[in-house]
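Work through the exercises below with the model open. Each task is followed by its solution.

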Amino acid sequence: MELKDKKVLVLGLARSGKAAVRLLQHFGAKITINESKEASLIEDYENYISQGIEVVSGGQPEELFDRDFDFVIKNPGINYHAPFILKLKQRGIPVYTEIELAYQMALPQNYIAVTGTNGKTTTVSLIYEVLKRHHSAVHICGNYGIPYCDVVLDYKLYENSGHDVVVEMSNFQLIDIDLFHPHVSSVLNLTPDHLDYMDSLDEYYASKMRIYENTDLQDIYALNLDDFTLQEYLKRYPVPCSVETFSVLHHADCELINDIIYYKGEPVIARSDIKIVGLHNVSNIMVSIIALRHAGLSLQDIKEGISLFHGVEHRLEFVREVKGVQYYNDSKGTNTDAAVIAIKAFDHSVILLMGGHEKGLDIRDVAQYNDRIKILITFGESGERFAKDMNHPHTYICEHMREAVIKASQLAIEGDIVLLSPSTSSFDEFKNMAERGNVFKEMVKQL
């Protein structure tokens, strides 16, 4: 992509928007920033103005979207059905997220891309941690929290090729791709989420399938045989590249036999050598094995790397044990399937803390596991509804998460598991799930 003197509109100055501006500026684009915040609240506002960047603040004025731009970079958090976004697309102006911009500016790299409702961060983190033990040029980016535009600039991927780039992709980011082409890709699973953003569950699921749409027979798609919903969508959106299967239940290219993971008939690692809990993490490890094998690593190197991996912060993260009670932080569990996965990871007394921002998710699938929950403590904006819909015989309702933690510590006895797995997002009380998880951990450390 040639950016010199191209007129580009950047919508939203969150982390990805700032990274896009950096890259666009480096290559001489004529940039207009639109940010809903007032100018006085925009970090680096004066700096942008002094550099000749136009900043339109305080909303989305209609006349801005009548102007001619060569393309638009949209923050993933901006709803793609917003009238001003639809107007741009109706006028034939391309709308991308920063990953697509960075991809088009970079020379060819070795891309491993992972999406799915749950498990993305754990999977890409594992792939990255193992890869960097053996390859010298490895990067992780995307929904993981590092914009790819920053990686392209900081490591001069517009001049250097052949690096390994591991990309975690949300459906928000996949909606606005164009040419993005991973060499290894996977949709880990499909369960309900983001119904406050997407028009329908069908639209959400379909957006995930875009991860492989530009692939060809030289590429690999890792296919989860255990997810029935995913199988239905793969029929509707056929995979154009080569496929390798994985399963914890069935015969597959990567399979589980007698608690040992095999890849194409060769043993890789026993579950007893894996430090992250839960059968769902066996699935995540299987995807990682397929990706790492196609990145050129030996099965022995892969085994050693997996055995050293301790997991991801805020995802079933062990915090500490207090008076025989173990506390786990699963603040990344922002949907109901994540809560089910977390509950199933333990085989004994779970005191479940769930609640937060009300985004309308049906929690009946969590309620099916009431027999595994010793005590339910709900909190936040969704607390009362969650308590009602869960219909657990031993339920307490708290206004805030902090109160829920204190209540759990009062009720727990030796041998119990106190599990924060909120089942929804954090925006009623915290700025993001990381802040929620950090507050939980700090409280537990003070018990």
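**Exercise 1.** Is Glu244 buried or exposed?

Solution. The model is predicted: local features need pLDDT of at least 70, side-chain atom pairs count only at pLDDT 80 or more, and totals for chains, interfaces and linings use all residues. Residues are numbered from 1 along each chain as its sequence is written, and side-chain values use heavy atoms, without hydrogens and water.
- Take the cut-offs: buried is under 20% relative accessible area, exposed over 50%, partly exposed in between (1.4 Å probe, protein chains only).
- Glu244 has 5% relative accessibility, so Glu244 is buried.

**Exercise 2.** Find the salt-bridge partner of Glu244 and place both residues.

Solution.
- A salt bridge needs a side-chain nitrogen of Lys or Arg within 4 Å of a carboxyl oxygen of Asp or Glu.
- Lys264 meets Glu244 at 3.0 Å, N to O.
- Glu244 sits in strand β11 (residues 242-247), Lys264 in the loop between β13 (260-263) and β14 (266-270), 20 residues apart.
- Strands (E, at least two residues) and helices (H or I, at least four) are DSSP runs, numbered from the N terminus.

**Exercise 3.** Characterise the salt bridge between Arg385 and Glu358.

Solution.
- The closest N and O atoms are 2.7 Å apart.
- Helix α14 (residues 383-390) holds Arg385; Glu358 lies in the loop between β17 (350-355) and α13 (364-367).
- The separation is 27 residues, and the pair links distant parts of the chain.
- Arg385 is partly exposed at 25%. Glu358 is partly exposed at 27%.

**Exercise 4.** How many salt bridges does a search of the whole structure find?

Solution. The search finds 23.
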